[in-house]
Amino acid sequence: MSLDTALGQLVDDRKLNDETLLRLIAQAQQSALGELYDRYSRLVYSMALNSVDDPALAEEITQDVFLRIWNKATTYQVEQGKVMTWIASITRYRSIDMLRRLKVRPEGNRAVWAEEDDELFESIDPIDIEEEVQLNQRSDTIRKAIAELPKDQRQALTLAFFNGYTHAEIAQILNEPLGTVKTRIRLAMQKLRHTLRY
Amino acid sequence: MAVEEHVSELLPAYALDILDESEARTVSSHLAGCSGCRAELRAYRQVVEEMPLAIAQVDPPAELRGKILQQAASLKKPAAAQPSKNWWQELKTRLLPAAPVWGMVSLVLIVLLGASNLFLWQRLNQVETDHNRLATVPLMDTDLIPGATGMLVISADGEHGTLVVDGLPVLDPSQQYQLWLIKDGQRTSGGVFSVDEEGYGSLWISSVEPLASYQGVGITIEPSGGSPAPTGERVLGGEL
């Protein structure tokens, strides 16, 4: 078997879990970065695009996120949570930083949340099928929960989550009283928490 | 603390990190002394962590992958002296002067692919400790679990490493495998791990002393959580 064939088989078999990929990335193993990209680039790019509403900026953020992972893989600790959570968090804060730095203000009009009949979240950690099933169930649950929020609550939550706007900024964008915006976000989060049973 | 002093109403926004500075300071100082609010905050943070699962996903531009990998290759990683080579190339470079070359490559494949029919690697049990290169140490099975395989991949600076094993049986939940780092007859724990149904497992090794300073490693079966010193027989081992 040639080395290339072996590498192809390894990638096809998706034998390495996310944590192992990060450990290999920490040791400068570029193939592992490629595999991690294949698993999470859609998530990262979509989050960034939903935040900045500009494909070129979203591309720049995606590039920045994966290069940060390349340089900072050693800082990931299993105790912090799943690799997906870690990557999503880096992406969210990087996107919000970009918005603040460029002083652009997208108003959250994109269709950012998945519809019920969209395909479920892509497999994340293929080595653990049970976990993948659970993840798909969680994905389904939170999609429905967000879809069921009243439109005004969902709109305020979207601006908070993707754009990192403060209550006052959201109130200004939506032209609503500050107290109303605070209540909408609080109620939305309480409903999601209740549905997700946390 | 009186109920009216709690910050429950601000916690959802705090979890979203959208409070202004003074509100965030108020919440932070309250959280320091209130376990109830800390628990509530954890719940909201878990909600925020799961929200990405609900977003509509779109594909990034096809050329972005190559661009990122190319840029990663050009960046000097602090943990590696030669980041421009990928790990396969690195292993290949290191192993080329040695014979049998394909025996060692086969070990990597056995470990990583779960293959079981390539055994030439067993002839290669000594590795150079060139700190400018990625070091790999094959682990040998014992009579206890014949056919088990393993490998240590040690970082370029010799400080840290990753253990990958294959072909080890799944243990009772009360037991785990434990890695021992051996120096001058002393055994120090390198961590505990379990394997999946296919016998595959991995462990990020972070030892107090540089990994490269140890003379050997061994893996034993121990009570879950590990033992202060080995109590079980060795199932895999190798010389550094």
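## The elements of chain A

Read from the N terminus, the elements of chain A follow the order α-α-α-α-α-α-α-α-α. Chain A thus has nine helices and zero strands, where helices (H or I, at least four residues) and strands (E, at least two) are DSSP runs numbered from the N terminus. This is a predicted model, in which local features need pLDDT of at least 70 and side-chain atom pairs count only at pLDDT 80 or more, while totals for chains, interfaces and linings use all residues. Residues are numbered from 1 along each chain as its sequence is written, and chains are lettered from A and ligands numbered from 1 in the order in which they are written.

Of the 198 residues in chain A, 44% count as buried. Here a residue is buried if 20 or more other C-beta atoms lie within 10 Å of its own, exposed if 12 or fewer, and partly exposed in between, with C-beta atoms placed from the backbone. Among the contacts in chain A with a separation of 6 or more, 64% join residues 24 or more positions apart; two residues are in contact if their C-beta atoms, placed from the backbone, lie within 7 Å.

## A bent helix

Helix α3 of chain A covers residues 30-52 and is a good place to look next. A straight helix of 23 residues would span 33 Å at 1.5 Å a residue, yet α3(A) spans only 29 Å between its end C-alpha atoms. (The expected span is 1.5 Å times one less than the number of residues.) At Tyr40(A), α3(A) bends by about 60°, the bend being the angle between axes fitted to the seven residues ending there and the seven starting there. Because 19 of its 23 residues are buried, α3(A) is largely enclosed by the rest of the structure.

The loops on either side of α3(A) deserve a look too. Ala28(A), in the loop between α2 (18-26) and α3 of chain A, has a positive phi of about 65° although it is not a glycine. Ala28(A) is buried, with 29 other C-beta atoms within 10 Å. Asp53(A) comes just after α3(A), in the loop between α3 and α4 (55-72) of chain A. Asp53(A) is not a glycine either, and has a positive phi of about 60°; with 20 C-beta neighbours inside 10 Å, Asp53(A) counts as buried.

## Nonpolar cores

In soluble globular proteins, nonpolar side chains tend to be buried together. A nonpolar core is a set of buried Ala, Val, Leu, Ile, Met, Phe, Trp, Tyr and Cys residues joined through C-beta atoms within 7 Å. The largest one here holds 73 residues, of which Ile25(A), Ile87(A) and Ala160(A) touch the most other members. The bent helix α3(A) gives the most to this core, with 12 residues. A second, separate core of 26 residues includes Leu139(B), Met151(B), Val153(B) and Val165(B).

Which residues does Ile87(A) contact, leaving aside its neighbours within four places in sequence? They are Tyr40(A), Val44(A), Val65(A) and Ile69(A).

## Strands in chain B

Strand β4 (residues 175-183) of chain B pairs with two other strands, and two strands pair if DSSP finds at least two bridges between them. With β7 (residues 216-223) of chain B, β4(B) runs antiparallel over eight bridges, and Trp180(B) stands opposite Gly218(B). With β5 (residues 186-193) of chain B, β4(B) is also antiparallel, joined by seven bridges; Leu179(B) stands opposite Gly191(B) there.

β4(B) and β5(B) form a hairpin with two residues between them, and Asp184(B) in the turn has a positive phi of about 50°.

## How confident is the model?

The predictor gives the complex an ipTM of 0.87 and a pTM of 0.62. For single residues, pLDDT is the predictor's confidence, from 0 to 100. Chain A has a mean pLDDT of 84, with 82% of its residues at 70 or more. Among its elements, helix α1 (residues 3-13) has the lowest mean pLDDT (45) and helix α9 (residues 178-196) the highest (96).

Chain B averages a pLDDT of 75, and 72% of the residues score at least 70. Among the elements of chain B, helix α5 (residues 87-95) has the lowest mean pLDDT (45) and α1(B) the highest (95). Over residues 78-133 of chain B, pLDDT is below 50. Where pLDDT is low, the predicted coordinates should not be read in detail.
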